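Open the model in your viewer and keep the sequence panel beside it. The stops below tell you what to select and what is there.

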Amino acid sequence: MSRPTPPRDSIDEQIMRRIDPQHPSAARVSVTIDYQERELVAGETLAVALWEVGIRRFRNSVRLKESRAPLCLMGACHECSVMVNSRLVRSCMIAVEAGMTIRTGESE
């Protein structure tokens, strides 16, 4: 017996679970994304935070230069890799911290 496929918005909500930015304990911190100052919720995974502010091109594929974005959100696929403070990291595996300097495929 197959289950019905949930609407796309529902899938995004399940996969991209966020810290409630309105919650009193949700501190916002300043980071630099592709040379622009932004405020993100501290402690949220960087992949989810970048998606929330509209970043869709996390990196470009090496061979074809195609856009890449989060896929597995558990560190296995490396599709969400971005540069943070001059180091290549999987954005789904690190939390947002104040002062991060982030470069994505959007800036290439």
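## The hairpin

Start with E5 and E6: they form a hairpin with two residues between them. Pick Asn85 in the turn; its phi is positive, about 50°. This is a predicted model, so treat each stop as a reading of predicted coordinates.

Now select E5 as residues 81-84. E5 and E6 run antiparallel and share four bridges. Label Ser81, whose bridge partner in E6 is Arg90.

Stay on E5 and add strand E7, residues 101-103. Two bridges join this pair, again in the antiparallel sense. Show Val84: it stands opposite Ile102 in E7.

## The whole sheet

Which order do the strands of the open sheet take? Colour the five strands and read across: E2-E1-E7-E5-E6, with mixed pairing. Strand E2 (36-41) and strand E6 (87-90) stand at the edges. Each has a single partner strand, so one side of each is left without a neighbour in the sheet. From one strand to the next, the twist averages 40°.

## The E1-E2 pair

Move to strand E1, residues 28-33. E1 pairs with E2 in the antiparallel sense over six bridges. Select Ile33 and find Gln36, its bridge partner in E2.

Next, pick Asp34, in the loop between E1 and E2. Its phi is near 50°, a positive value in a residue other than glycine. Is Asp34 buried or exposed? Asp34 counts as buried, because its relative accessibility is 13% and the cut-off for buried is under 20%.

## A second loop

Jump to Lys65, in the loop between strand E3 (59-60) and strand E4 (67-68). Lys65 is not a glycine, yet has a positive phi of about 60°. Lys65 is exposed, with a relative accessible area of 57%. Asp34, by contrast, is buried at 13%.

## The cysteines

Show the cysteine side chains. How many disulfides does a search of the whole structure find? It finds zero. Select Cys77, which is in no disulfide; its nearest cysteine sulfur, that of Cys72, is 3.6 Å away. The cut-off for a disulfide is within 2.5 Å, so this pair does not count as one. Cys77 is partly exposed, with a relative accessible area of 25%.

Then select Cys92, also in no disulfide. The nearest cysteine sulfur belongs to Cys80, 3.6 Å away. Cys92 is buried, at 9% relative accessible area.

## Zoom out

Show the protein chain as a cartoon. There are two helices and seven strands. Along the sequence they follow the pattern α-β-β-α-β-β-β-β-β.

Switch to a surface. The accessible surface of the chain comes to about 7,300 Å², and 50% of it belongs to carbon and sulfur atoms. Of the 108 residues, 31% are buried. Turn on contacts: among those with a separation of 6 or more, 43% join residues 24 or more positions apart.

## Colour by confidence

Finish by colouring on pLDDT. The chain has a mean of 86, and 83% of its residues reach 70 or more. Which element has the lowest mean pLDDT, and which the highest? Helix H1 (residues 8-15) has the lowest, 51, and E7 the highest, 98. Where pLDDT is low, the predicted coordinates should not be read in detail.

Conventions. Residues are numbered from 1 along each chain as its sequence is written. This is a predicted model: local features need pLDDT of at least 70, side-chain atom pairs count only at pLDDT 80 or more; totals for chains, interfaces and linings use all residues. Side-chain values use heavy atoms; hydrogens and water are left out. Buried means under 20% relative accessible area, exposed over 50%, partly exposed in between (1.4 Å probe, protein chains only). Contact means heavy atoms within 4.5 Å. Accessible areas come from the Shrake-Rupley method with a 1.4 Å probe; for residues, only the protein chains shown count as cover. Two strands pair if DSSP finds at least two bridges between them. Axes are lines fitted to C-alpha atoms, for helices over the stretch in contact, and angles run from 0 to 180 degrees between N-to-C directions. pLDDT is the predictor's confidence in each residue, from 0 to 100.
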